[in-house]
Amino acid sequence: MFDTIETETDGRVATIRFNRPDRLNALNTQVMEEVLEAATGFDADPGIGCLILTGKGRAFAAGADIGELAVQDYTSMYASNFFAGWDRFAGLRLPKLAAVNGFALGGGCEVAMMCDIILAADSARFGQPEIKIGCIPGIGGTQRLTRLIGRARAMDLILTGRMITAPEALQMGLISRVVPADDLAEAAMTTAREIAGYPRDIAMMARACVNMAEQGALESGLRFERQMYHALYGSDAQQEGMAAFLEKRPPRFNGA
């Protein structure tokens, strides 16, 4: 069905795997369109509670496909709104987990940052090296990286183009966890299954509230969180979850 990615499902967990290992999973328009198509389908499927995004081979994604970019000019980039499909991917409501198995550079790092949780193998490498090819990050790197690790560190990475290790990325706050490379797939699946085991609508609302913290003032974020919190009362998940707590038993969430 797809040429540049692989997809699979395991219970309530879906996986999308970049599948251009000979090109270190470089991201071109076809990859973007196929990831968006697959992810949109999983987002619309009530039976899927979490999405894992990972790469095949030595890289998660080692950047954008420079061969495709080198022939562009301003008119073609503007007319096609190049990279806009990644904005739609980032906007999907399904919880997304990036399992970074190797290089996550340039666009690869940017796509990983679109996910809600980033787990990295201890051998993974991160960076925004666009300045080395006469360019700047264009899939949200200057914005998401700054929000995640702060202005000083973002400037350091973007203006030098240097790579950092997974432990340094963890120390900066770029990623959530570092695990041994051989354990990455299992750790990602365990985490995704845990997320998918909770009511899907609750997980979507929780991540929407966290994302709101990056988008506006504290007051507006607090109002949004309170609105979402109030909206849960009377729902099947809220009633079952609290009843189970009071009855000292595991909750039995419908559809989870």
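## Exercises on a predicted model

**Exercise 1.** In this predicted model, which helix holds Y74, and is Y74 buried or exposed?

*Solution.* Start with the secondary structure: Y74 sits in helix 3, residues 74–80. Next, take its relative accessibility, which is 64%. The cut-off for exposed is over 50%, so Y74 counts as exposed.

**Exercise 2.** Work out which residues have the most contacts inside the largest nonpolar core, and which helix gives the largest share of this core.

*Solution.* First, the core itself: it has 50 residues, and F18, W86, F89, V100, F126 and L174 have the most contacts inside it. Then sort by element: helix 1 (residues 29–44) supplies the largest share, seven residues. Now pick out F89 and skip its neighbours within four places in sequence; what's left in contact is V35, L36, A39, L51, L53, K96, V111 and M114. Finally, don't miss the second, separate core of 15 residues, with V13, I52, A121 and V179 among them.

**Exercise 3.** What volume does the largest pocket have, and which residues lie closest to its centre?

*Solution.* The volume comes to about 830 Å³. Of the 33 lining residues, M114, C115, D116, R207 and N211 are closest to the centre. Go on to the elements: helix 10 gives the most to this lining, eight residues. By class, the lining splits into 19 nonpolar, six polar and eight charged residues.

**Exercise 4.** Which residues are closest to the centre of the second largest pocket?

*Solution.* This pocket holds about 490 Å³. Of its 24 lining residues, the closest to the centre are A64, I66, L69, E130 and I133. As a last step, I133 lies 17 Å from Y74, C-alpha to C-alpha, and 59 residues away in sequence.

Terms used. Residues numbered from 1 in each chain as written. Predicted model: local features only at pLDDT ≥ 70, side-chain atom pairs only at ≥ 80, totals over all residues. Heavy atoms only, no water. Core = buried A, V, L, I, M, F, W, Y, C linked by side-chain atoms within 4.5 Å. Buried < 20%, exposed > 50% of the residue type's maximum accessible area, 1.4 Å probe, protein only. Helix = DSSP H or I, 4+ residues; strand = E, 2+ residues; numbered from the N terminus. Contact = heavy atoms within 4.5 Å. 1 Å grid on protein atoms, 1.4 Å probe; cavity = no way out; pocket = protein on both sides within 12 Å on 5 of 7 lines; lining within 4 Å. Points joined across faces, edges and corners; volume = space filled by probe spheres on them. Nonpolar A, V, L, I, M, F, W, Y, C, P; charged D, E, K, R; others polar.
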